[in-house]
Amino acid sequence: MKLHTNNWRNVRLLILSLAFIVLLSSCEKKYTDLSIQEELILNIQKLNQKVIDFEKVAEQSNDEKKIQLAFNQARLEYKKIEWAVEYFAPDPARFINGPALDELEVAENTFFPPNGFQVIEELIYPKYSIENKEELVRKIKILNGNLKQIEQHFGAISVSNSHIMDAAKMEVNRILSLGITGFDSPIAFQSVPEAVVSLTSLKTLFSKMSFDNPQSVKCEKEITNLIDNAEKFCLNNTDFKTFDRVYFIKNFLNPISKNLVAFQKINKIEKSNRNSVVNPEATSVFDKKAFNVNAFIPSEEYQFSTAKAELGKQLFYENSLSNSNTRSCSSCHNPENAFTDGLKTNQSLSGNLLNRNTPTLTYASLQNAQFWDMRQLDLEKQSLDVIQNKDEMHGSISKAIVVLNTDKKYQQLFKKAFPKSKKIEEWQVQNALASYIRSLNAFDSKFDSYMRGDSNNFTVEEKLGFNLFAGKAKCATCHFIPLFNGTVPPNFQKTEQEVIGTPADKNGKKISPDLGRYLQYQMPQLKNAFKTPSLRNVAVTAPYMHNGVFTTLEEVVDFYNKGGGVGLGLNIENQTLPSDKLELSPKEMKALVTFMKTLSDKEYQLK
């Protein structure tokens with residue numbers, strides 16, 4: 001009887017042990033089998049906890065190092081989910097890790113105050129003051145509230161493989177343009193370790209997609225190896241100012257991007273059209289045809305075509321668009337000067353000088369606003385604005401059409417460009433001119449060729465210049481790579497303005513009297529605000545700034561090196577350019593100019 005009882009006890013113990021093992025296995029399996037969406041929500045919860053911990057430290061301690069450490073841990077946790085938050089929730093994302101600048105909402109003609117990690121960073125770096133405690137805790141609470149909304153958002157959306165691939169490619173582009181450039185960490189300079197976390201977060205995505213074919217496995221392994229090697233490189237090169245961005249982009253980010261495209265093709269994952277600006281088949285943002293000009297058109301009927309561009313080229317030189325029949329678009333936008341006029345400021349029909357410098361038309365199509373004051377949203381409206389302007393052309397498209405209708409050459413060109421139309425219409429003239437400008441994106445500069453791997457002809461000084469541009473000199477935090485204008489990557493849905501404090505003349509004793517965007521919106525934050533222009537072909541588009549105050553790139557670099565207008569001693573309360581001196585050496589300033597000269601298209605490289 002005793003033996004029988006012991007046997008049953010042993011059996012029961014065995015059953016309980018097996019049950020525990022099964023339970024443990026099922027728990028482990030449940031964790032490892034978490035879907036991408038489930039793991040994402042789990043990571044958001046972890047981030048929420050890190051922010052709560054950060055809040056406690058901020059409330060209970062005045063120790064600068066403890067507060068900064070808690071902040072860094074929280075933002076590194078955010079970097080694990082950045083790929084998803086920035087892609088699936090871009091609007092609330094700007095209040096989680098957006099720039100510490102007021103956000104202009106054009107439709108509502110109002111500004112929203114910034115919130116999130118970058119705002120908090122300014123409160124605790126480079127030094128923490130106890131006077132900021134109350135504001136710091138308040139900003140952390142707001143951040144926590146925004147994160148809770150994000151968690152609810154991700155519980156309700158659908159995350160497909162197509163979206164994951166699109167988000168992963170965008171995250172690589174984001175690391176390239178906003179991560180390693182210091183845009184995300186402008187004061188703490190944690191860009192390099194944060195880039196590591198952002199990249200590493202992508203590794204888990206591919207293993208969870210469960211594609212077992214040999215090609216897919218090989219490609220996934222290649223991506224993993226590249227990310228691992230990128231991580232090792234970063235761990236051995238942690239200093240923000242000396243970080244070799246040229247090497248990092250060429251040897252890690254571009255190959256990762258290329259393999260992501262290959263992985264998508266191998267597994268026949270449908271392409272997402274969520275980001276309409278970047279070609280989903282582009283192996284990197286440096287591809288010659290990486291950008292889609294049709295993403296910036298007003299509506300479907302304005303789609304670009306070669307026939308429209310050919311017509312637009314003829315109209316570009318057409319004097320009948322002006323009232324006096326003596327001026328065309330080419331009068332001020334000379335192709336020999338990369339479509340600028342070489343003057344300090346534009347010249348009116350009467351011969352007087354206007355207030356603003358003539359900007360280049362090259363790459364003008366890859367932005368969401370036109371003119372220095374951004375008063376028009378697209379190239380169609382831009383052309384109409386110039387044609388009707390009494391100081392520039394003082395013309396009428398409707399009157400010009402009367403002339404165009406009598407010309408057989410134009411009749412044929414319009415028929416070819418707009419085959420469904422029975423007559424020449426005003427919108428077609430605007431669209432044709434805009435289409436010609438949309439054809440002026442060569443992407444064949446020395447820099448482009450080098451980044452694509454078409455050429456290895458890039459000097460040590462040029463590499464230093466790029467690394468300074470995207471690092472210590474902070475140029476790339478406003479002139480975003482690879483367009484080098486103010487169109488914000490990786491979505492490219494917004495074009496920025498800046499207040500840099502441009503002086504009225506070279507002596508720098510007073511600010512330019514031109515109020516810029518303020519004239520349109522009458523908002524104090526926009527006084528002296530102007531669009532961030534493209535730096536492509538900048539070597540042949542002098543003079544510089546909205547008023548042409550600087551005649552050389554050396555003068556421009558010197559102005560920024562001193563901290564803009566505030567650095568010159570001007571009183572500019574709303575300057576968005578950091579006023580701290582960059583402390584660039586003469587050698588570094590020279591290298592910066594040398595690099596910018598590599599942005600000239602092939603036809604301008606000998607000028």
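Asn325 is partly exposed, with a relative accessible area of 47%. Asn325 sits in the loop that joins helix H12 (306-316) to H13, and its phi is positive, near 60°, although the residue is not glycine. The model is a predicted one. Phe189 also has a positive phi without being a glycine, here about 55°. The loop between H8 and helix H9 (191-207) holds Phe189, which is partly exposed at 31% relative accessible area. Most residues other than glycine have a negative phi, and most peptide bonds are trans.

Two peptide bonds depart from the trans form. The bond from Tyr125 to Pro126 is cis, with omega near -5°, and Pro126 belongs to the loop between helix H6 (117-124) and helix H7 (133-156). The bond from Pro489 to Pro490 is cis as well, with omega near -5°; Pro490 is placed in the loop between helix H18 (460-469) and strand S3 (497-498).

The nonpolar interior comes next. The largest nonpolar core has 118 residues, and Leu136, Phe248 and Phe291 touch the most other members. Leaving out residues up to four places away in sequence, Leu136 touches Phe54, Ala58, Ile67, Ile120, Leu123, Ile124 and Tyr128. A second core, separate from this one, has 34 residues, with Phe316, Phe339, Leu379 and Ala417 among them.

Helix H20 covers residues 553-561, and its buried residues include Leu553, Val556, Val557, Phe559 and Asn561. The buried residues of H20 pack against helix H21 (564-567) and helix H22 (586-596). After H20 comes Gly563, with a positive phi near 100°.

Charged residues are found in buried places too. Glu77, in helix H3 (residues 64-79), counts as buried because its relative accessibility is 8%, and the cut-off for buried is under 20%. Beyond its neighbours within four places in sequence, Glu77 is in contact with Lys46, Leu47 and Lys50.

Side chains of opposite charge can pair when their charged atoms come close. The whole structure contains 30 salt bridges. One of them joins Arg438 to Glu380, with the closest N and O atoms 2.8 Å apart. Arg438 lies in helix H16 (residues 426-438) and Glu380 in helix H13 (residues 379-388), so this pair ties together parts that are 58 residues apart in sequence. Both partners are buried: Arg438 has a relative accessible area of 4%, and Glu380 has a relative accessibility of 3%.

Asp373 and Arg375 form another salt bridge, with an N to O distance of 3.1 Å. Asp373 is buried at 9% relative accessible area, whereas Arg375 is partly exposed at 27%. In a further pair, the closest N and O atoms of Asp454 and Arg452 are 3.2 Å apart. Here Asp454 is exposed, with a relative accessible area of 57%, and Arg452 is partly exposed, with 21%. Salt bridges also link Arg75, Lys79, Glu82, Glu86, Glu121, Arg174, Asp184 and Glu194 in a network.

Arg375 returns in the description of the second largest pocket. This pocket holds about 820 Å³ of space. Its lining has 41 residues, and those nearest its centre are Asn357, Pro359, Phe371, Arg375 and Glu392. H13 and H16 are the elements that give two or more residues to the lining, and H13 gives the most, with 5 residues. These are also the helices that carry Glu380 and Arg438. By class, the lining consists of 18 nonpolar, 15 polar and 8 charged residues.

Enclosed space is a separate matter. There are 5 cavities of 30 Å³ or more in the structure, and the largest contains about 130 Å³ of space. The largest cavity is lined by 14 residues, of which Lys169, Asn173, Val278, Asn279 and Pro280 are the closest to its centre. Helix H8 (residues 161-179) gives the most to this lining, with 4 residues. The lining residues of the largest cavity divide into 6 nonpolar, 6 polar and 2 charged.

Conventions
Residues numbered from 1 in each chain as written. Predicted model: local features only at pLDDT ≥ 70, side-chain atom pairs only at ≥ 80, totals over all residues. Heavy atoms only, no water. Buried < 20%, exposed > 50% of the residue type's maximum accessible area, 1.4 Å probe, protein only. Contact = heavy atoms within 4.5 Å. Salt bridge = Lys/Arg side-chain N within 4 Å of Asp/Glu carboxyl O. 1 Å grid on protein atoms, 1.4 Å probe; cavity = no way out; pocket = protein on both sides within 12 Å on 5 of 7 lines; lining within 4 Å. Points joined across faces, edges and corners; volume = space filled by probe spheres on them. Nonpolar A, V, L, I, M, F, W, Y, C, P; charged D, E, K, R; others polar. Core = buried A, V, L, I, M, F, W, Y, C linked by side-chain atoms within 4.5 Å.
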